[in-house]
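Biologist: I have a protein model open on my screen and would like to learn how to read it. Could you take me through a few features?

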Amino acid sequence: MDQSHGRQFARPRKRGRPLTYEEKWMVQHVFETLTKKKNAEPILQRHDPYSLTSKYTGVARSVVAAITKAVRQTGNVPVSTPLGNRHQPTTIPLAAEGQIRELVFEKHRQGTICHAKHVHALLKEACGLEVHERTIQRHLKRMGFCWLRTKNRPRSLREKAEVRQQRHDYLYELRRNRQRPPDERYQVIYVDESFLHHHHGGQYSWFSENDFVERMSGKGRRWCFIHAMQKTGLLAGTFLAFEAKHGKGDYHAQFDGAMFQHWFTAQLLRNVPPRSLIILDRCPFHTVGREAVVPSQMKKGELRQWLTERGVAWEEQWLRARLLEEMDRYRDKKPMVEILAEAQGHKVLFLPVHHPELNPIELVWATVKHYCGTIFSNSTSFKEQRQHLEESFERDITPEYCAKVYEHVQHIEERYWTTDLLIDEDIELEDEEGSPF
């Protein structure tokens, strides 16, 4: 509730709800008007246009600054993001997800059920993490597992059918590409992003009694970087590193669709071999479509206008849910990276969700970060930490190393392929045994 001349009135919109596209343009218009009047009216010279815009529109000053910056750089206001925190960092590292998935499968192969406490013990033993069981349960759901009853009534974790199908489709495309004749085969290129803290140092050392290592406080600033690799080594000309502008949040929040597409066209596509199969994970900025619209934030009038402009018939009695359904049918959801790659004779293949163990470049990140941690000292500057990163890329990531990590990932792929077929047969047998006919 806000007050105006002693009266109270309800806000027309909820606090924290993202601004719509039109509201952002209104904020930009107010800011431009106040900026023009700053020199014309002496009374406004003492005031900051950002703060005045925030005061008059009820929008936070940081949001005003973000909108005006986007207009200066691109000539347009930023597209509204979907509701919900999609970049919420998790306590459980991505590198542990492969071990978690293998634990669940192994338990089921042994005929035993898998609880969150089993995953808790794994994380404590393998990663030294003390994670609450409720956090583990939420993370298992994000990985695609669900808590269901087994045939004999005790409860157990079972992977969702759509996740298994997604993984099986991915492995099928890879296997089909490897079975092509050499002159028709696509060269597999893996892409990923990561980060490196300034104060990233090794965690273990030899100590005597009452000995210790004096460390810098905090993690320091962050280098965010992106690279691509093939079986013979890292792809030349595709390395990009920049300093993170936000001190908090997941490193994925430092990237966006525009920045990634610029790197994709300016660096990756110019350096990949002919007929490349580019493999990416399913980060939101990887899957940005041609039409950067968010249907869930559009009003009924906007949905009707969108359908009319594309020649799609709609009826007056349709509710918003039906309009959204029709828009989803006709909206071009094909990611821009696929369109850009196919225009040059390449293909794009997306990894299944929460499967970092199927991307060999994750092992590259572990190797180079280990090198940076072993040589870090309190006198290492932020720029030197980036130099150490690039040194490790050149020194440690050799063609022999890349061939080994490719082979390691292919072994994991074969295990998944075999396991998925066995699980599918078991589910079919259970359904037949449970059928009353």
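Modeller: Happy to; we will go from the whole chain to helix pairs and then to single residues.

Modeller: A word on the ground rules comes before that. This is a predicted model, in which local features need pLDDT of at least 70, side-chain atom pairs count only at pLDDT 80 or more, and totals for chains, interfaces and linings use all residues. Residues are numbered from 1 along each chain as its sequence is written, and side-chain values use heavy atoms, with hydrogens and water left out.

Biologist: How many helices and strands are there in the protein chain?

Modeller: Helices (H or I, at least four residues) and strands (E, at least two) are DSSP runs, numbered from the N terminus. Here the protein chain has 14 helices and 10 strands.

Biologist: What percentage of the residues is buried?

Modeller: Buried means under 20% relative accessible area, exposed means over 50%, and partly exposed lies in between, with a 1.4 Å probe and protein chains only. Of the 437 residues in the protein chain, 39% are buried.

Biologist: And what share of the contacts joins residues 24 or more positions apart?

Modeller: Contact means heavy atoms within 4.5 Å. Among contacts in the protein chain with a separation of 6 or more, 67% are between residues 24 or more positions apart.

Biologist: Let's turn to helices. Which residues of α5 are buried?

Modeller: In α5, which spans residues 116-126, the buried ones are Ala116, Val119, His120, Leu122 and Leu123. To see whether such residues share a side, look down the helix and take the arc of the directions from the helix axis to the C-beta atoms. For α5 the buried residues fall within an arc of 165°, so they line one face of the helix. After α5 comes Gly128, with a positive phi near 70°.

Biologist: Which residues are buried in α6?

Modeller: Thr135, Ile136, His139 and Leu140 are buried in α6. Their arc, seen down the axis of α6, is 140°, so they too line one face of the helix. Just after α6, Gly144 has a positive phi of about 105°.

Biologist: At what angle do α5 and α6 pack?

Modeller: Axes are lines fitted to C-alpha atoms, for helices over the stretch in contact, and angles run from 0 to 180 degrees between N-to-C directions. The angle between α5 and α6 (residues 133-142) is about 100°, and their axes are 9 Å apart. Angles under 35 degrees count as roughly parallel, over 145 as roughly antiparallel, 65 to 115 as roughly perpendicular and the rest as oblique. That makes α5 roughly perpendicular to α6. Ala116, Lys117, Val119, His120 and Leu123 of α5 meet Glu133, Ile136, Gln137 and Leu140 of α6. Sorted by class, this contact of α5 with α6 has five nonpolar, two polar and two charged residues. Here Ala, Val, Leu, Ile, Met, Phe, Trp, Tyr, Cys and Pro count as nonpolar, Asp, Glu, Lys and Arg as charged, and the others, Gly among them, as polar.

Biologist: What about handedness: is the crossing of α9 and α10 left-handed or right-handed?

Modeller: A crossing is left-handed if the near helix is turned anticlockwise from the far one by less than a right angle, and right-handed if clockwise. α9 (residues 300-309) and α10 (residues 320-330) pack at about 35°, with axes 10 Å apart, and their crossing is left-handed. The α9 side includes Trp306 and Leu307, and the α10 side includes Met327 and Tyr330. Their contact has seven nonpolar, no polar and four charged residues.

Biologist: And how do α12 and α13 pack?

Modeller: α12 (residues 361-375) and α13 (residues 382-396) pack at about 125°, with their axes 9 Å apart. That makes α12 oblique to α13. The crossing of α12 past α13 is right-handed. Among the residues in contact are Trp365 and Tyr371 of α12 and His388 and Phe393 of α13.

Biologist: Lastly, why look at the sign of phi?

Modeller: Most residues other than glycine have a negative phi. Arg275, in the loop between α8 (257-271) and β9 (276-280), has a positive phi near 55°. At 33% relative accessibility, Arg275 counts as partly exposed. His354, in the loop between β10 and α12, also has a positive phi near 55°. At 26% relative accessibility, His354 counts as partly exposed.
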